[in-house]
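Here are my notes, set out as numbered points. Please read them with the model open.

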Amino acid sequence: MPSLNVQILVAACLGLLLGWLTGALPEDAALREGTLYAAGLVSSVFIGMLKMVLIPLVFTSIAVGVASLQQHHQVHRVWITALLYFTLTTGAAMLVSLTAANLFKPGAGLSLDLFAEQMAAFEARQLTLPEFFQHFFANLFQNPFTAFAEGSVLAVVVFALFVGVALVAGGERYRNILQVLQEFLEMLLRIVGWIMRLAPLGILALLIRLVAEQDVALLSAVGGFIVLVFGTTLFHGAVVLPLILYLTTGRSPLWFWRGARDAVITAFATSSSSATLPVSIRCAEDNLKVDKRYAGFVLPLGATMNMDGTALYEAAAALFVANLVGVELSLGQQAVVFFTAMIASTGAPGIPSAGMVTMVMVLQAVGLPAEAIAILLPIDRLLDTVRTAVNVQGDITGSLVVQRFAERA
């Protein structure tokens with residue numbers, strides 16, 4: 001029987017093909033409706049199973065990871081290295097994005113009238129910079145039971161950090177609690193292994209829906225922007241991140257791809273760094289041999305704070321909208337876009353359409369019309385695939401970089 005890696009690659013290729021064939025059928029065809037229904041059912045079960053283990057996995061892996069790092073007197077080095085890495089790669093991604101957007105000027109010559117119907121149906125929520133910070137910090141500190149129930153990953157991360165530090169501060173008194181958490185983490189990883197057996201089928205179903213349901217006419221209308229985002233995101237994932245990996249660890253991109261491809265393909269299909277987290281941890285620990293202390297700390301933190309692809313996309317989208325409305329952004333205004341997108345990409349507020357709200361914040365930071373976000377809604381799902389894959393690639397690369405620097409101590 002083929003390995004899981006081969007099964008996932010075959011499923012991805014087959015999903016793209018079947019999605020294209022399904023999309024070519026008439027909209028009222030029974031075969032099309034039946035295929036999309038079956039794909040939706042299977043993909044919902046797969047995503048639901050990943051989300052089922054997400055919050056417990058985030059909590060236990062960070063709490064156990066912090067406790068283990070504290071015991072080895074490495075927590076400060078790991079914290080500093082992880083935050084420096086997150087800042088460096090996010091900044092590099094936006095520099096690539098802004099440079100390309102200034103060179104190719106996506107959206108120049110298009111008319112906003114083309115999207116009047118979508119804009120009329122969309123009511124953007126206005127969120128100022130102070131309001132964003134208020135939502136952001138309010139979401140950091142919540143009742144942990146509320147955070148667990150609502151799936152507020154950022155609040156769970158913060159609570160897990162406090163628990164991890166408290167486990168170390170309590171020493172021997174909390175040894176039994178730490179042991180229970182360690183065993184619970186091992187049990188969750190076993191469950192993840194079971195879920196991964198369904199990954200080929202889940203990815204097949206997700207890609208069928210993604211390809212079949214795209215609006216081809218709309219894609220062609222904003223094709224230049226789509227090509228720019230794909231190109232810059234792939235450049236960041238294929239050149240910038242592998243270069244950082246090679247310069248810091250000496251590891252080749254091919255070695256990394258072999259170990260991380262399950263997670264990258266899952267991220268592409270699910271468009272969710274958080275939902276992919278169980279797969280990312282398994283790839284980092286089992287395939288790339290990242291120590292559990294580093295993987296359990298860096299990967300959950302990166303899934304909420306390290307969003308290279310998202311920051312790149314938001315920066316490019318701001319210049320795209322500016323071109324559409326005929327506004328020339330100065331260097332100073334582009335610097336505002338740079339820093340605002342960096343802040344927005346580290347964590348969205350816990351309100352509906354959080355990703356779209358952070359995009360509104362980026363647009364409003366330089367006076368662009370928030371209503372123009374409706375242009376991005378129909379193509380957001382497509383663009384989300386590749387940027388999420390790069391987000392996850394950046395997280396796994398970060399775990400290797402952090403391990404390298406921590407072990408030099």
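1. Start with Asp-291. Asp-291 is partly exposed, at a relative accessible area of 27%. This is a predicted model, and the percentage is computed from it. The 27% of Asp-291 falls between the limits for buried and exposed, because buried means under 20% and exposed means over 50%.

2. Which residue does Asp-291 meet in a salt bridge? The partner is Arg-293, with an N to O distance of 3.1 Å. Arg-293 counts as buried, at 16% relative accessibility. So this bridge joins a partly exposed Asp-291 to a buried Arg-293.

3. Next, the Arg-282 and Asp-262 pair. These two form a salt bridge whose closest N and O atoms are 2.9 Å apart. The pair links distant parts of the chain, 20 residues apart. Arg-282 sits in helix H13 (residues 273-287), and Asp-262 sits in helix H12. Are the two partners buried or exposed? Both Arg-282 and Asp-262 are buried.

4. Glu-172 also deserves a look. Glu-172 forms a salt bridge with Arg-175, and here the closest N and O atoms are 3.2 Å apart. Glu-172 is exposed, with a relative accessible area of 58%. That value is over 50%, so Glu-172 is put in the exposed class. For the overall tally, a search of the whole structure finds four salt bridges.

5. Turn to the surface. Leu-14, Leu-17, Leu-18, Trp-20 and Leu-21 form a nonpolar patch there. Together they have about 470 Å² of accessible area. One of them, Leu-21, lies in helix H1 (residues 4-23). Leu-21 is partly exposed, at 42% relative accessible area. Patch members need over 30%, so Leu-21 passes that cut-off.

6. Now the second largest pocket. About 380 Å³ of space lies in this pocket. Its lining counts 18 residues. Nearest the centre lie Leu-234, Gly-237, Trp-257, Val-264 and Gln-393. Three elements give two or more residues to the lining: helix H11 (223-249), helix H12 (253-270) and helix H18 (377-407). Which of the elements gives the most? H11 does, with seven residues.

7. Last, the character of that lining. The residues lining the second largest pocket divide into 15 nonpolar and three polar, with no charged residue. Helix H12 appears twice in these notes: H12 gives residues to this lining, and H12 holds Asp-262 of the bridge to Arg-282.

Key
Residues numbered from 1 in each chain as written. Predicted model: local features only at pLDDT ≥ 70, side-chain atom pairs only at ≥ 80, totals over all residues. Heavy atoms only, no water. 1 Å grid on protein atoms, 1.4 Å probe; cavity = no way out; pocket = protein on both sides within 12 Å on 5 of 7 lines; lining within 4 Å. Points joined across faces, edges and corners; volume = space filled by probe spheres on them. Helix = DSSP H or I, 4+ residues; strand = E, 2+ residues; numbered from the N terminus. Nonpolar A, V, L, I, M, F, W, Y, C, P; charged D, E, K, R; others polar. Patch = residues over 30% accessible without salt bridge, like charges linked within 9 Å, V, L, I, M, F, W, Y side chains within 5 Å. Areas by Shrake-Rupley, 256 points an atom, 1.4 Å probe, with all protein chains shown as cover. Salt bridge = Lys/Arg side-chain N within 4 Å of Asp/Glu carboxyl O. Buried < 20%, exposed > 50% of the residue type's maximum accessible area, 1.4 Å probe, protein only.
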